[in-house]
Every structure is written in C-alpha cells, then in structure tokens.
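This briefing looks at how some helices pack in the structure shown below. Please keep the sequence and the coordinates at hand while reading the points that follow.

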Amino acid sequence: KTTEISDETEFRGASLGASVDSDFTAISLSVLKKDVEKGFDLLSDVVLDPIFPEIEISRLKGLIKGGLRQSEEDPSFVAERHFKAAVYGEQPYGRLTRGSTATLDRINREDIVRFHSDFYRPGNSIMVVVGDLSGCELKSLIQRFFDGWKPSDHRRKPYEHKSERTQKTDLIDKEITQANIILGHKGITREDPDYYAASVMNYILGGGGFSSRLMQTVRDEMGLAYSIHSYFSPNKYGGLFGVEVQTKNESANTVISEIIRQMKRISSEPVSEDELRDAKAYLTGSFPRRLETNTKIANFLAAIEFFNLGLKYIEQYPEYINAVTRDEIMRVAKKYLDPDRYTLIVVANQSKAAIGRDKKR
C-alpha cells in the first residue's frame, strides 16, 4: 500500500508527505487542480487508514538511529540537544522529536496504531486548503473523502512549562578547534502579547544578521566569530531564548562575556531610534515573503489557527511591530533576558577553552 501511494503520487507529479515538530504533526498535499480528487483520495487514505507495516517501522527505526548516530558527530547538534534538555528538563520539549535509540526500541506497532487511533482525529486537527477551489467544491471533497473521520474523546492536554531559571553550565569535551556555544534560558510562548516587542528587541540584539549588536561586536570589532545570532523559539506551551556561536576554543570565555554584556546593555539602556526603525522596517518588510507561494500560505494559515492569532493577523502584524517603543524594548529585555541565571552549553576542547577561568598568555 505504501508503495502504491508513492507510485500514484509520483505518477501525477504531486507531493504527499508528513513532518513532525515539538507541537504538531503536519501532513501536506500538493497536487494539480485536474488531479485534486485523486489527491484527496490519497490524503484521506494516509490520514484515516494507514496500515503501519512492520517492515516499514523496522526500516524507519534503523534510518532514524543511523541519523542520530551521525548527528552525534556534529558539535552544534550535541550543543543544541544538551541545551534543550537542560532548560526543559523532563518536560516533552526537552526531548528530540526523533527520539533516542532507547525510546525507539521501546516503540512497537501496537503503540503506533493506538496513538493514531486516539489522536489523529478531526477534533485535534486543522485543515487548510489553498488553491483554485470554490467553497462548494472543497465542501464536496471533504464530505466525499473525510466523511468517515470520526471524533475521539482523546485530546491533547496542555501542560505548564515550569522551568526555573538557574545558573547551569554543561561542558562537553571534544577534540575540535572551534568551541560551539549556546547561552540562554526559558523564553516566551507564541501567544504571549509580548512576542512582538521581544521580536524587535531580539532583532537588535542578535537576530538581525550583520546589523545586530552581537554581530557588530563579536564579528566585526573583535573578529572572534564568523557568525553569531540570538533567537526566541516560541512554542505553544513554553519557549526558549538562546544565543549560538562558534569561536576558537581559546576565545570562548571572551565571547561568552560579550554575550552577557550585550544582554545587560539592552536591558538597561534604551536602543537608538535608528536601531528601532531598522528593526521595524525589516520585520514588516520581510513579512510578505511568508506568503509567496500556496505552500507558504497554507503553513502560515495553519499556524495562525494553531496559535490562536486571529483571522485579521495578516493585517495586524505590521501594526503590532510598528507600535513597539524604545521603552517596551527595555521592558521586555529586562523581563525575558536573564544575564545572571542562564544555561551555558559549551562543546569544545575543554583543556583549551578553560571555561570560567582567566588564562594568562
């Protein structure tokens, strides 16, 4: 059956796939208008009636395990994995969506079938369709191919992200020339009203590429890194703030000190009018690129619904960004940046990095 669906999709020049992140699973279909009925037929088959053959489960487990082993050779992956685990602890966001060798071995076909039966239901789902279809055509397709999709009593239960900000340092020793550093802590959820002010603040601090403060100091003035960036990773129930950089082992302490200095600076001094204007111009000016293709529009509309952003969000986003003031920048920086209680992950040659120790040369 899996092969038949793949062959049918390829024959029609369509694409049908699934992806998973920390908050949701997305099943996507892209098909020509003339093949839309067959596309919906294939989509409904995947969503409503998957068979989960043992041979495919075994094959995919092997592929995932191989990918995990390969990823462990990547210092940036190791740093990110340790960072999420340190900030979130035992909460779900602290685990890889791909799992681990141990968790994969514990999953059997019955677990997968039960999970699908419980949670892949209309009450837990959002359907977005973008393309040359009228409302009547879409309604007819849904009734025809998804009429047998029955509700379930199982609903995803929200959880409270209770991570406390405490000073944590995790040093992972590897024989590498570049230290891979992540410094950060608990962040902000996507539905928090402060998200927009935090976005502008982060653009100025480290999210704005070559125009950000961290790039100007660490790269341009100090010459200690090719790239450095900060980010908020906002999820449904709990988010992260982080700064990521690679630098020579010997300059790790200097770069870490500069990150902390810039976090304190943006929390205590108003940003300039030029910085605020440039950040707003980029964030509002780049916004339309999220809607350049049908696929992007579909993903965007699904996110709007999932995060409860409202049907007028497309019109309101520029207003939210342009309303941010210099005082708000400093307020959210004080609230969401913590230069005293942070998690620090350093994957490096620790004998040369000497994190936390001043080295005289």
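In this predicted model, helix α2 passes helix α7 in a right-handed crossing. The axes of α2 (residues 36-48) and α7 (residues 135-146) come within 9 Å and cross at roughly 40°, which makes α2 oblique to α7.

**Contact of α2 with α7**
- On the α2 side, the contact is made by Val36, Glu37, Phe40, Asp41, Leu43, Ser44, Val47 and Leu48, while α7 contributes Leu138, Leu141, Ile142, Arg144, Phe145 and Phe146.
- Sorted by class, the contact of α2 with α7 holds ten nonpolar residues, one polar residue and three charged residues.

**Two sides of helix α13**
- In α13, which spans residues 313-322, the residues Tyr313, Tyr317 and Ile321 are buried; they lie on the same side of the helix because they cover an arc of only 75° around its axis.
- This fits a general rule: an α-helix has 3.6 residues a turn, so residues three or four places apart point the same way.
- Glu315 and Glu319, on the other side of α13, are exposed.
- The buried residues of α13 pack against three helices, namely α8 (195-207), α11 (273-285) and α12 (294-306).

**Surroundings of helix α14**
- In α14 (residues 326-336), the buried residues are Ile329, Met330, Val332, Ala333 and Tyr336.
- The cover over these buried residues of α14 includes the strands β4 (178-186) and β5 (228-233) together with the helices α8, α10 (252-268) and α11.

How values were computed: Residues are numbered from 1 along each chain as its sequence is written. This is a predicted model: local features need pLDDT of at least 70, side-chain atom pairs count only at pLDDT 80 or more; totals for chains, interfaces and linings use all residues. Side-chain values use heavy atoms; hydrogens and water are left out. Buried means under 20% relative accessible area, exposed over 50%, partly exposed in between (1.4 Å probe, protein chains only). Helices (H or I, at least four residues) and strands (E, at least two) are DSSP runs, numbered from the N terminus. The arc is that of the directions from the helix axis to the C-beta atoms. Contact means heavy atoms within 4.5 Å. Axes are lines fitted to C-alpha atoms, for helices over the stretch in contact, and angles run from 0 to 180 degrees between N-to-C directions. Angles under 35 degrees count as roughly parallel, over 145 as roughly antiparallel, 65 to 115 as roughly perpendicular and the rest as oblique. A crossing is left-handed if the near helix is turned anticlockwise from the far one by less than a right angle, and right-handed if clockwise. Ala, Val, Leu, Ile, Met, Phe, Trp, Tyr, Cys and Pro count as nonpolar, Asp, Glu, Lys and Arg as charged, and the others, Gly among them, as polar.
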